Amino acid sequence: MGFTIKVNGNTHSVDVDGDTPLLWVLRDVLGMTGTKFGCGMALCGACTVHVDGAAARSCITPIDSIGTSAITTIEAIGATAAGAKIQKAWLDLEVVQCGYCQSGQIMSASALLASKPHPTDGDIDDAMSGNICRCGTYVRIREAIKQAGQSTGRGG
Amino acid sequence: MILDHIASQRGDSDQSGSAKDLSRRMFLRAGAAAGGGLMLSLSLPFASSEVEATDGDSFVPNAFIRIDGDGQIVLTMPYVEMGQGTYTAIPMLIAEELEVDLKQVRLEHAPPNEKLYANPLLGVQATGGSTAIRAAWKPMREAGAVARTMFVSAAAKRWNVDPASCRAQSGEVLHAPTGRRLKYGELAADAARLPVPEHVALKHPEDFKLIGRPAKRLDTPAKVNGTAVFGIDVRPPGVKIATLAQSPVFGGRVKSVDDTAAKAVKGVSQIVRLDDAVAVVADHMGAAKKGLAALAIEWDDGPHAKLSTADIAAELEKATLNSGPVAQNIGDVDKAMASAVTKIEAIYQVPFLAHATMEPMNCTVHVRKDGCEVWVGSQVIGRAQVVAAKTAGLPLDKVVAHNHLIGGGFGRRLEVDGVTRAVQIAQQVDGPVKVVWTREEDIQHDMYRPYWFDRISAGLDEKGMPIAWNHRYAGSSVIARWLPPAFNNGLDPDSTEGAIDLVYSLPNMHVEYLRVEPPGIPTAFWRSVGPSHNVYVTESFVDELAAAAKQDAVAYRRALLDQAPRAKAVLELAAEKAGWGRSLPQRVGRGVSVQFVFGTYMAQVAEVEVSKNGAVRVRRVVCAVDCGTVVNPDTVQAQIQGAIIFGITGALYGEITLKNGRVEQTNFDTYQMLRMNEVPAIEVYIIQSSEPPGGMGEPGTSAIVPAVTNAIFAATGKRVRKLPVDAAALKQSA
């Protein structure tokens, strides 16, 4: 069955089963590999995207649930104010190690910052504890979110 | 220093050669690069001799520095980037001596070639064992210095001045008396025609501009915007996606498959049946997974159908009842033990552990009639090429292997079982196929950190100080399989590192290691390898001795460190910064560990809170480290932070168990990882040193585990002798 979805402002038509997770449509059908596969059960957050601005785990989001919602992925998050601040803070504080989970971390952090411009430690725990980083970059992720929360203006 | 030990067995024990020695031991060659620039090649000692024997005078280089006419410097990286920062630190070594800006350096992954790109400390083309900086420290700087010297000579010749009146800086040569300058790019063609100097001077540490200062990672920008290409991201034209089910019991076989329902799934194109696995090939992973779930597979479980972890532990325990190969013997333990005032003994056990890299196992393969192409992120790309050729039945030169960024290695990608499997599947598929393990398949068909069983005892004198130390343990030797020449007389340098070379002065010490390979479960290296076990056991036991002697854990250790000033210094620094000795609330305790492994001295103090119901929370960790010369201090900080979190995850949660031959854990719900809300505050203090660099990827992991368990003892009075920590055993009695 065909579905039409809006990703990063572009419209795509795909022919897959309705229960196909968005993750695989993005990665394998549309070739947008920035969104990562980690667990397939919403346990690790590597696949996080935004659906109408809210963080969602694309590995358990069926394509037939999306309708006209706007999907934003790591490839375009830098075009949002919060996403740009987060990306800059990630580079400034040298957060990244292997980098595999960081697309999902950045998407979760951007959604947090967009809804709470000055997040507390508790806010960070709540928003980020669904994202696993095996390299253990959590200490710097927390610092980077705080730095992005202190910066003002687009791109910090 | 296990890997130095391996190197010495290969006749390369000269770690301290002068520049002259280096030029004899290293073969350097300059020549015109294809683009008319200077190409400088270097080859490391034992690799080059092999090459010379086979190729006569046309020896092939080990690593390339290519400098094009436009001044672009291209470095072929023999070590793979998996988050440890090697793609920044290795270029720093070259750029430092070459006198160029790090921004001018461009990197390429090295292709597979064991002769050209062998790690001089390991003897194979591998990134692991915290060796990259230790192996590259001299050769890479030497390569940069030779190129710099040749640019200066070329410029001096053109200006007809004394080379001594010229100097290199920021990618150009400057003649100070006249103010003339020439960019490297303008000199590349001239430099390529000059003979390679026999002697070059390496810079003095006080003149370093890059080494020792925080540098921005070169691989990071692509990792924050989704453009970095990991192995799992490759998409050769027409690629199909496959996922697989392997026999749930190691050694089992497929008995029958009903694939009717799977074939009916939209997007599924093919079912591939192997002896011990079934794969579903599809247009996308969603269809492949759906197809896999629709398969009805009957397995013949084979000989390990009833195996459990308890069986393996019992076998290891039994093995330790008999003596084994002697890994260390100092003084006379039996005599000393007989004269001891106090005797203490304990049994320790550590579990099998999975790697659970965030990027699940994957490998993309295109098998054609006359060749094979492989795309994979590997710590051993040369081995990947070899097994692909062997599996496909092709000559090595018909296999092209592309290496990619690694989404977490930790030892998992030192193995090539996934490449073999992907080639087996690809042989039956027309066109390229990307084989992607589900997380469940990744955890249940890992190759695991071995289970170890330890018996350890000590005798104390009237002052409570150790006069006898007797340690015997049994477990798998990964080295015996992975690098057989390094397994000798029943011993290997990895299984014993951290057990036979303690930082403490122990007058009478006896250590035996028994290699016992468990049936029905494969083992492999895991971040901090042998020391992940040995440091936990020895540092826990030293803590037991201090407690038995009714002495402070730091003071007790310090008293044993007169012969190890660098160890003493890190211990004192960590204790001071942690506020050791200051009072803490009930059920909160501090624990300490000290170690010298991977060429690096480290001490950690963990502060742990144990709730009434036994839940353990690590609140704060202080780490002091002396890793010799620091190349990129920001990376040292990052590696220690990450390694500590990796170790806490292992200590609190890590356990792979077998039941009826099957791994019981499946995904991150049953194989848990430390998460943001559980992460302690971490402070890292680096001791300035001009000693050669030590390894940095792993020491933080082995050091944190006993620091945490010793802190649990301080908080509760309960000693943790078996990992992971059992919260139920730490419950406060009513």
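## Close-up views of chains A and B

**View 1. Helix α20 of chain B is largely enclosed by the rest of the structure, because 18 of its 21 residues are buried.** This is a predicted model, so please read each of these views as a prediction. Helix α20 of chain B covers residues 633-653. From its first C-alpha to its last, α20(B) reaches 30 Å, close to the 30 Å expected at 1.5 Å a residue.

**View 2. Chain B meets chain A through a contact that takes 48 residues from chain B and 46 residues from chain A.** On the chain B side, α9 (285-294) and α20 each supply at least two residues. Helix α20(B), the subject of View 1, gives the most to this side, with seven residues. If you sort the chain B residues that touch chain A by character, you will find 21 nonpolar, 16 polar and 11 charged.

**View 3. Chain A has five helices and five strands.** Follow the sequence and you will meet these elements in the pattern β-β-α-β-β-β-α-α-α-α. The radius of gyration of chain A is 15 Å, close to the 15 Å that the globule rule gives for 156 residues, so chain A is as compact as a globular protein of that length. Along its principal axes, the C-alpha trace of chain A spans about 45 × 30 × 25 Å. Of the 156 residues of chain A, 58% count as buried. Among the contacts in chain A with a separation of 6 or more, 63% are between residues 24 or more positions apart.

**View 4. Within chain A, domain 1 (2-72) touches domain 2 (77-150).** The C-alpha centres of these two domains of chain A lie 21 Å apart. Their contact takes 15 residues from domain 1 and 12 residues from domain 2. On the domain 1 side, strands β3 (48-51) and β4 (54-57) of chain A each supply at least two residues. Strand β3(A) has the largest share of that side, with three residues. The domain 1 residues that touch domain 2 divide into six nonpolar, eight polar and one charged.

**View 5. The largest nonpolar core has 280 residues.** In soluble globular proteins, nonpolar side chains tend to be buried together. The residues with the most contacts inside this core are B:Phe151, B:Val280, B:Val374, B:Ala388 and B:Val708. Helix α6 of chain B (residues 132-159) contributes the largest share of the core, 15 residues. For a closer look, pick out B:Val708: leaving aside residues up to four places away in sequence, B:Val708 touches B:Gly591, B:Ala606, B:Val608, B:Val618, B:Ile648 and B:Ala651.

**View 6. B:Trp482 sits in helix α15 of chain B.** This helix takes in residues 478-482. B:Trp482 counts as buried because it has 24 C-beta neighbours inside 10 Å, and the cut-off for a buried residue is 20 or more. Now find B:Ala524, which is 42 residues from B:Trp482 in sequence. In space, B:Trp482 and B:Ala524 are 8.3 Å apart, C-alpha to C-alpha.

Terms used:
Residues numbered from 1 in each chain as written. Chains lettered and ligands numbered in written order. Predicted model: local features only at pLDDT ≥ 70, side-chain atom pairs only at ≥ 80, totals over all residues. Helix = DSSP H or I, 4+ residues; strand = E, 2+ residues; numbered from the N terminus. Expected span 1.5 Å × (residues − 1). Buried ≥ 20, exposed ≤ 12 C-beta atoms within 10 Å, placed from the backbone. Contact = placed C-beta atoms within 7 Å. Nonpolar A, V, L, I, M, F, W, Y, C, P; charged D, E, K, R; others polar. Domains from an automatic or database assignment. Core = buried A, V, L, I, M, F, W, Y, C linked by C-beta atoms within 7 Å. Rg over C-alpha atoms; globule rule 2.2 N^0.38 Å.
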